[in-house]
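The paragraphs below lead through a predicted model, beginning with charge at the surface and ending with the overall form of the chain.

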Amino acid sequence: MLTELRIRNFAIIESVTLPLAAGFNVLSGETGAGKSIIVGALGLLLGERGSADLVRTGADRASVEGVFDIADRPELAAVLDERGIEVDEQVVVLKRELVGSGSGRARAWINGTTVTTGVLAEAGRLLVNLHGQHEAQTLLDAESQRRILDAFGGATEAALAVRAAHGALAEVRRERSELERRRTEAERRADWLRHVVREIEDARLVDGEDVRLEDEARRLEHAEELRTLAGGVAGALEGDEEAVLTRLGGVQRSLASILRIDSSLARLQELYDTGYYALEELARALEDYERSVDLDPARLDEVRARRDLLFKLTKKHGGSVAEVLETGRRARAELDLVDSAGLDLRQLERREAEARSRLEDAARALSALRAAAAERLSRAVGEVLPDLGMPDGRLSVILSACAEIGATGAEDVEFRVALNVGHEARPLARVASGGELSRVMLALKTILARLDGVPTVVFDEVDAGIGGRVGLQVGETMRRVAAHHQVFAITHLPQIAARAHHHIVVAKGARGGVTTADITVLDGEERVAEVARMLGGDPESLVSREHARELLETAAVPEPARRAARRSGKR
């Protein structure tokens with residue numbers, strides 16, 4: 001649960017620490033005191049967009065920090081750990097900071113580790129469900145209605161299975177469509193492809209052949225010059241008396257004389273021998289090369305003709321022999337497709353039939369869960385609506401069969417309501433006002449409370465447009481939700497505020513000539529005075545205070561006892 005909300009330099013707030021408790025928390029205050037600002041700060045902490053104008057006048061940055069105790073929710077610690085967020089001592093601290101000076105740049109942390117706003121928002125969704133009049137509008141969305149029904153009916157996993165099966169079927173259909181397209185294209189291009197394959201295969205190309213032909217052509221074109229040069233170098237090395245190796249004989253004799261006098265220079269003989277034998281080997285290699293160079297005009301003509309063929313093929317089918325060979329392989333594969341596609345298509349048709357069967361099975365299982373859940377949810381909401389001031393209200397969950405099974409199943413889900421006697425159920429968007437819509441959402445929250453794993457639920461003025469007896473009933477409903485969640489409600493109704501376990505008031509003030517907002521945790525007579533103010537009377541008036549005290553005392557009585565008292569009073 002959220003144990004503490006710290007706000008610094010946010011809008012008109014200079015510094016506020018909001019202590020929250022388990023159970024039902026309520027925040028009240030006069031219009032303009034800063035209740036909506038506190039909700040805005042909480043929204044920023046949960047990943048909503050921020051801007052530089054939210055930074056308090058005179059400050060360079062604003063920050064919001066929330067401390068969450070998840071000791072009783074070990075599964076949340078495991079989920080956060082999977083996302084790389086370490087949880088120490090079962091405490092999670094979210095922090096968001098906005099920089100002013102027109103940039104509006106924001107930074108975020110979880111347990112002191114810098115994270116992206118997206119990661120912060122993901123963690124926030126696990127910890128807090130922020131529900132206001134705007135969020136009630138999501139009830140009008142078919143996707144939200146379907147998600148609510150699936151959550152209530154324990155069909156979320158079945159819905160995921162349908163989505164996966166639909167995705168698998170769509171993938172097989174995509175493969176089949178792509179294969180049919182490629183076969184049609186291959187059939188259209190078949191004559192050209194046969195020409196390409198024949199032309200490339202008849203050439204009997206060898207990878208790297210173009211490079212080897214270039215080398216051979218260069219040798220053949222310069223054969224005479226190569227032989228002359230090789231013979232000249234070989235002759236210079238050995239042959240007549242002026243040759244290098246012959247003259248080296250004199251060097252050997254002088255070196256031998258040196259070694260007879262100074263035997264420590266034996267290494268000089270090794271160096272001489274190495275050089276002499278290397279030159280001798282070079283001379284023999286040049287002689288062999290000279291004999292190997294052929295003056296072969298016929299072979300030169302063959303090489304030139306082959307080079308011309310390769311040039312034409314590379315110009316038509318690729319920049320190198322390797323690319324021409326690859327073009328031939330692709331053309332052959334495309335031609336083979338004309339013959340093999342029939343077999344492949346039959347295999348894909350079998351796979352498609354199997355995938356369609358799996359989708360139909362998954363959709364039937366989901367439809368069965370939804371049908372059972374639709375009846376139970378309609379009945380459950382119908383039992384709660386009278387407690388929220390709609391005694392004749394009833395909710396109908398309508399399942400309409402789709403023409404084809406989709407990613408969301410075989411049916412559309414629609415919530416319809418009838419809020420008055422004699423009226424048929426109609427879509428929520430065409431029937432409910434803002435206040436009625438909020439109460440329908442509250443009824444659903446009450447029913448789904450045991451299923452929802454989010455520990456903290458925030459209600460932002462969902463009591464708009466109601467009052468009196470209905471306000472008491474809405475307060476009772478929020479208190480029931482608080483048996484399974486921490487509830488934090490921002491309200492202007494004394495009937496709701498009186499039902500809270502923990503009451504906080506926000507008041508507008510001034511500090512240093514700048515408007516600010518301050519909070520106070522109320523207890524005893526302070527709380528009596530605030531409820532009296534909310535009742536619209538003079539908080540100092542004995543009558544207003546007595547009325548407020550009565551509201552608070554009534555709220556302290558367990559609900560079953562209050563109901564029993566009301567029944568006995570009627571008798």
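**Charge at the surface and the form of the chain**

Asp81, Glu82, Glu86, Asp88 and Glu89 together form a negative surface patch in this predicted model. One of these residues, Glu82, belongs to helix α2, which covers residues 74-82, and Glu82 has a relative accessible area of 66%, so it counts as exposed.

Charged side chains elsewhere are paired with partners of opposite sign, and the count of such salt bridges comes to 35. A useful example to start from is the pair formed by Arg364 and Asp361, whose closest N and O atoms lie 2.3 Å apart. Both residues are in helix α13 (residues 321-384), and because they are three residues apart there, about one helical turn separates them. The two partners fall into separate classes of accessibility: Arg364 is exposed, with a relative accessible area of 51%, whereas Asp361, at 40%, counts as partly exposed.

A second pair joins Asp60 to Arg61, and here the closest N and O atoms are 3.9 Å apart, a value that still satisfies the rule, because a salt bridge requires the side-chain nitrogen to be within 4 Å of the carboxyl oxygen. Asp60 is partly exposed at 47% relative accessibility, and Arg61 is also partly exposed, with a value of 32%. A third pair brings together the side chains of Arg416 and Glu414, with an N to O distance of 2.7 Å. In this pair Arg416 has a relative accessible area of 27%, which makes it partly exposed, and Glu414 is likewise partly exposed at 26%.

Salt bridges can also link several residues, and a network of them connects Arg173, Arg176, Glu349, Glu352, Arg356 and Glu404.

Turning from the side chains to the chain as a whole, the protein contains 20 helices and 15 strands. Its radius of gyration is 44 Å, well over the 25 Å that the globule rule gives for 571 residues, and the protein chain is therefore more spread out than a compact globule. The extent of the C-alpha trace along its principal axes is about 145 × 75 × 40 Å. Within this spread-out chain, buried residues account for 41% of the 571 residues.

Methods
Residues are numbered from 1 along each chain as its sequence is written. This is a predicted model: local features need pLDDT of at least 70, side-chain atom pairs count only at pLDDT 80 or more; totals for chains, interfaces and linings use all residues. Side-chain values use heavy atoms; hydrogens and water are left out. Patches are made of residues with over 30% relative accessible area and no salt bridge: like charges are joined within 9 Å, nonpolar side chains (Val, Leu, Ile, Met, Phe, Trp, Tyr) within 5 Å. Accessible areas come from the Shrake-Rupley method with a 1.4 Å probe; for residues, only the protein chains shown count as cover. Lys and Arg count as positive and Asp and Glu as negative; His and the chain ends are not counted. The place of a charge is taken as NZ of Lys, CZ of Arg, CG of Asp or CD of Glu. Helices (H or I, at least four residues) and strands (E, at least two) are DSSP runs, numbered from the N terminus. Buried means under 20% relative accessible area, exposed over 50%, partly exposed in between (1.4 Å probe, protein chains only). The radius of gyration is taken over C-alpha atoms; the globule rule is 2.2 Å times the number of residues to the power 0.38.
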